[in-house]
Amino acid sequence: MAQTSERMSLIVFSGTVDKLMAASILATGGAAMGLEVEVFLTTWGLMAFRKGDYLTNTRVSKDFEEYGPTMMEAMQAKQSPSWMENLLGAKEVGSVKVYACSMTMELYGIHLGDLEPIVDDVTGVATFVERAREGRITLFI
Amino acid sequence: MSTASDIHIDREIDARGSFCPGPLMELIRGIKALPVGGVVAVLSSDSGSAKDIPAWIGKAGHEFIGAFQEAGYTRFIARKLR
């Protein structure tokens with residue numbers, strides 16, 4: 001069994017590119033430093049993982065909405081990898097599991113097959129919380 | 001004091017222009033591809049690398065040979081130990 005104290009749990013609620021970027025970089029750092037990373041996708045965070053959605057998603061947080069175009073342009077000009085590429089890279093270097101929230105799936109009629117293949121499984125909140133309880137770092141993004 | 005040119009480098013990766021955690025990711029991939037005992041260098045212009053790269057090397061159990069300042073970037077050198 002893995003060392004549970006070395007777990008990092010991320011709850012990704014937001015589906016905006018700025019927050020998904022932050023979540024993907026944190027997941028990468030956690031994976032690189034040997035933590036067992038678990039990502040729980042819920043609500044708009046889950047919506048952002050529907051097949052192909054990330055290719056056209058240019059949403060940014062409401063509080064910095066006016067910076068949206070500037071951010072997307074800067075990322076493109078400096079060839080910054082997308083949050084999806086970061087997350088795939090995190091999976092490549094370490095232990096990263098991505099779980100979709102069953103409640104959001106039910107609510108919007110989404111099935112596992114409708115989501116990007118990076119999503120490992122569907123889970124309920126109780127399972128996620130139980131696993132996060134054993135961990136060291138838990139972040140809500 | 002030794003300089004980067006005194007050290008035999010098996011593989012050098014140019015990660016200049018790549019952002020955090022890009023250079024670290026390049027180093028991790030580079031180390032994976034080397035046999036134990038191999039020496040890898042990664043060039044980074046990202047200011048986070050100065051702390052991130054030695055921290056990862058320590059955590060991953062490899063040898064941090066050094067960080068050598070060049071013009072506008074740093075050359076980080078590590079030896080794979082396991």
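**Entry 1: a first arginine**

Is A:R7 buried or exposed? I looked this up in the predicted model, and A:R7 turns out to be buried, with a relative accessible area of 2%. The cut-off for buried is under 20%, so A:R7 falls on the buried side at 2%.

Next I asked which residue A:R7 meets in a salt bridge. The partner is A:E134, with N and O 2.8 Å apart. The two come from distant parts of the chain, 127 residues apart. A:R7 sits in strand β1 (residues 7–12) of chain A, while A:E134 belongs to the loop between α6 (125–133) and β5 (137–140). Unlike its buried partner, A:E134 is partly exposed, at 30% relative accessibility.

**Entry 2: other salt bridges**

I then checked the total: the structure holds 16 salt bridges over all chains. A note to keep beside that number: side chains of opposite charge can pair when their charged atoms come close.

One of them joins A:K91 and A:D120, again at 2.8 Å from N to O. A:K91 lies in helix α4 of chain A and A:D120 in the loop between α5 and β4 (121–123), so this pair ties together parts that are 29 residues apart in sequence. I looked up both for exposure: A:K91 is partly exposed at 24%, and A:D120 is partly exposed at 31%.

Another bridge pairs A:E92 with B:R29, at 2.7 Å from N to O. This pair crosses between chains, running from helix α4 of chain A to helix α1 of chain B. A:E92 is partly exposed at 41% relative accessibility, and B:R29 is partly exposed at 30%. I also found that A:R7, A:E36, A:E38, A:R131 and A:E134 are joined into one network by salt bridges that share partners.

**Entry 3: where the chains meet**

The bridge between chains sent me to the interface. Here 12 residues of chain B are in contact with 11 residues of chain A. The two chains bury about 980 Å² between them, 70% of it on carbon and sulfur atoms.

How many salt bridges does the rule find across this interface? It finds one, and that is the pair of B:R29 and A:E92. I also noted three residue pairs in polar contact between the chains. On the side of chain B that touches chain A, the elements giving two or more residues are α1 (22–32) and α2 (49–60). Of these, α1(B) gives the most, with five residues. By class, this side of chain B has eight nonpolar, one polar and three charged residues.

**Entry 4: a buried threonine and its neighbours**

I picked A:T28, found in helix α1 (residues 17–32) of chain A. At 1% relative accessibility, A:T28 counts as buried. Leaving out residues up to four places away in sequence, A:T28 touches A:N86, A:A90, B:P21 and B:M25. A:T28 and A:K91 are 63 residues apart in sequence, yet their C-alpha atoms are 7.9 Å apart.

Helix α4 (residues 83–93) of chain A came up again, so I listed its buried residues: A:W83, A:M84, A:N86, A:L87, A:G89, A:A90 and A:V93. They pack against α1 and β3 (95–101) of chain A, together with α1 of chain B.

**Entry 5: backbone oddities**

For the backbone I kept one reminder: most residues other than glycine have a negative phi, and most peptide bonds are trans. A cis peptide bond joins B:C20 and B:P21, with omega about 5°. B:P21 lies in the loop between β1 (11–14) and α1 of chain B.

Two residues in chain A caught my eye for their phi. A:T43 has a phi near 50°; this residue is in helix α2 and is buried at 17%. A:Q79 also has a phi near 50°, but A:Q79 is in the loop between α3 (68–77) and α4 and is exposed at 71%.

**Entry 6: rings**

My last look-up was aromatic pairs, and the count comes to six over all chains. The rings of A:W44 and A:Y108 have centres 6.4 Å apart and planes at 45°, so this pair is tilted. A:W44 is in helix α2 and A:Y108 in helix α5 (residues 102–108) of chain A, 64 residues apart. A:W44 is partly exposed at 45%, and A:Y108 is partly exposed at 38%. Ring pairs also link A:F49, A:Y54 and A:W83 into a cluster.

How values were computed:
Residues numbered from 1 in each chain as written. Chains lettered and ligands numbered in written order. Predicted model: local features only at pLDDT ≥ 70, side-chain atom pairs only at ≥ 80, totals over all residues. Heavy atoms only, no water. Contact = heavy atoms within 4.5 Å. Buried area = accessible area lost by both parts, 1.4 Å probe. Salt bridge = Lys/Arg side-chain N within 4 Å of Asp/Glu carboxyl O. Polar contact = N/O pair within 3.5 Å; in protein donor to acceptor, adjacent residues only side chain to side chain. Helix = DSSP H or I, 4+ residues; strand = E, 2+ residues; numbered from the N terminus. Nonpolar A, V, L, I, M, F, W, Y, C, P; charged D, E, K, R; others polar. Phe/Tyr/Trp six-rings, centres within 6.5 Å; stacked < 30°, edge-to-face > 60°. Buried < 20%, exposed > 50% of the residue type's maximum accessible area, 1.4 Å probe, protein only.
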